[in-house]
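This report looks at how aromatic rings and a helix are placed inside a protein. Please view the structure below before reading on.

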Amino acid sequence: MNLLSMKCPVKIESTFNFLEIRNLIPVNSDQVLVETDKISQSVIFESLNDLHRVMGYINYSLSKIFPTSSPSGNDGKSLESMTEFPLSPECWTCRLTPPSLCCGGFSDTYAALCDYNGVPCREDVQWDVDTIYHSQDTRHFNILDFSHLNSRDLALIIAALAYNQWFIKLSTKDLKLGSEVIEQVIHTMSRSRSIEELEMENTGLKMEFAVKLSAALSENPYTSLTALNLTNNPLEDKGVSSLSQFLAGYHRGLRYLNLSRTSLTHKGQSSPPPLPSPHLHPLHPLPLSEGQC
């Protein structure tokens, strides 16, 4: 978004991405203070109608990028409500509605995050999701389908899932994940309302991942997780213990859990588990033999 000066010759005074906007503060009927990560800029409009148009365009753009959730910590409030200048029914932007979105608008979200991070958007990724995934009507996002990409590109793909409500399963197997990708998996699980199944089998995850994942899930009151498979990752006693503490108080409960071959010692197995929550659904028993630990 470019802000132009009113002087001649016209020049760009500041530039920022929509996703950098943290607050829009009304000053009066034709003036708004825009606060971003880096600057605070006062913007004066020629009329209230012009202000409505700009606010409507911002909301329309964000509704395409984040069709079912809010990207920032504003508790779901739209930018137009934050400005206290609601759009009138006659405003042209009110008649604009986002087009039908393939796979929950994944491609728009992914492109916006690429732009925000200064990384080229890969059209082949968008084509795969919009064409192959969409034609198969699949809601299973398999990281292996994009294993040929570098860690940075893969991390941005995972990041887009945090704001997507089409995909309900995220999985990979026998693929060592870089630190950037692992951090985005954790971030996605801290925000996602739709992912019900998480499968990260033999991906090199360590104890720190299990601890951070437990914290992320605890901080997400809207998580829909019902199945968790972290088999064949060296989570160790501390990692498994952290997960068990989360699960003991998890209101939804799991229908499937696999923590076999996670370097759990006899000491870890003999430690008394935390008391289950009265809302915890029974899990499938997973006996761990000495060879599986």
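## Rings, charges and a buried helix

The charged end of Arg139 lies over the ring of Trp166, at 3.8 Å from the ring centre. A similar arrangement is found at Tyr222, where the charged end of Arg193 sits over the ring, 3.9 Å from its centre. These values come from a predicted model.

Rings also pair with each other: the structure holds nine aromatic pairs. Two of them are set out here.

| Pair | Distance between centres | Angle between planes | Class |
|---|---|---|---|
| Phe106 and Phe141 | 5.7 Å | 40 degrees | tilted |
| Phe141 and Phe146 | 5.3 Å | 15 degrees | stacked |

Why is the pair of Phe141 and Phe146 stacked? Planes under 30 degrees apart count as stacked, and the planes of Phe141 and Phe146 are at 15 degrees, so this pair falls in that class. The planes of Phe106 and Phe141 are at 40 degrees, so that pair is tilted.

Phe106 belongs to helix H3 (residues 106-117) and Phe141 to strand S6 (residues 140-142), so their pair ties together parts that are 35 residues apart in sequence. Are these residues buried or exposed? Phe106 is buried, at 0% relative accessibility. Phe141 is buried too, with a relative accessible area of 0%, and Phe146 also counts as buried at 0%. One aromatic cluster is formed by Phe106, Tyr110, Tyr133, Phe141, Phe146 and Phe167.

Phe106 has further contacts. Apart from its neighbours within four places in sequence, Phe106 touches residues including Val125, Val129, Ile157, Ala160 and Leu161. Ile157, Ala160 and Leu161 are among the buried residues of H5.

Helix H5 (residues 151-161) has 11 residues, and nine of them are buried, so this helix is largely enclosed by the rest of the structure. Which elements cover its buried residues? The cover includes H3, helix H4 (123-136), S6, strand S7 (169-173) and helix H6 (179-191). At the N-terminal end of H5, Asn150 acts as a cap: one of its side-chain oxygens is 3.1 Å from the backbone nitrogen of Arg152.

The largest nonpolar core contains 70 residues, and the residues with the most contacts inside it are Phe106, Phe141 and Leu230. Which element gives this core its largest share? That element is H5, with eight residues. Phe106 and Phe141 thus appear both in the aromatic cluster and among the residues with the most contacts inside the core.

How values were computed: Residues are numbered from 1 along each chain as its sequence is written. This is a predicted model: local features need pLDDT of at least 70, side-chain atom pairs count only at pLDDT 80 or more; totals for chains, interfaces and linings use all residues. Side-chain values use heavy atoms; hydrogens and water are left out. Rings of Phe, Tyr and Trp (its six-membered ring) pair if their centres lie within 6.5 Å; planes under 30 degrees apart count as stacked, over 60 as edge-to-face and the rest as tilted. Helices (H or I, at least four residues) and strands (E, at least two) are DSSP runs, numbered from the N terminus. Buried means under 20% relative accessible area, exposed over 50%, partly exposed in between (1.4 Å probe, protein chains only). A charge sits over a ring if NZ of Lys or CZ of Arg is within 6 Å of the ring centre and within 35 degrees of the ring normal. Contact means heavy atoms within 4.5 Å. A polar contact is a pair of N or O atoms within 3.5 Å; within protein, one must be able to donate a hydrogen and the other to accept it, and residues adjacent in sequence count only if both atoms are side-chain atoms. A nonpolar core is a set of buried Ala, Val, Leu, Ile, Met, Phe, Trp, Tyr and Cys residues joined through side-chain atoms within 4.5 Å.
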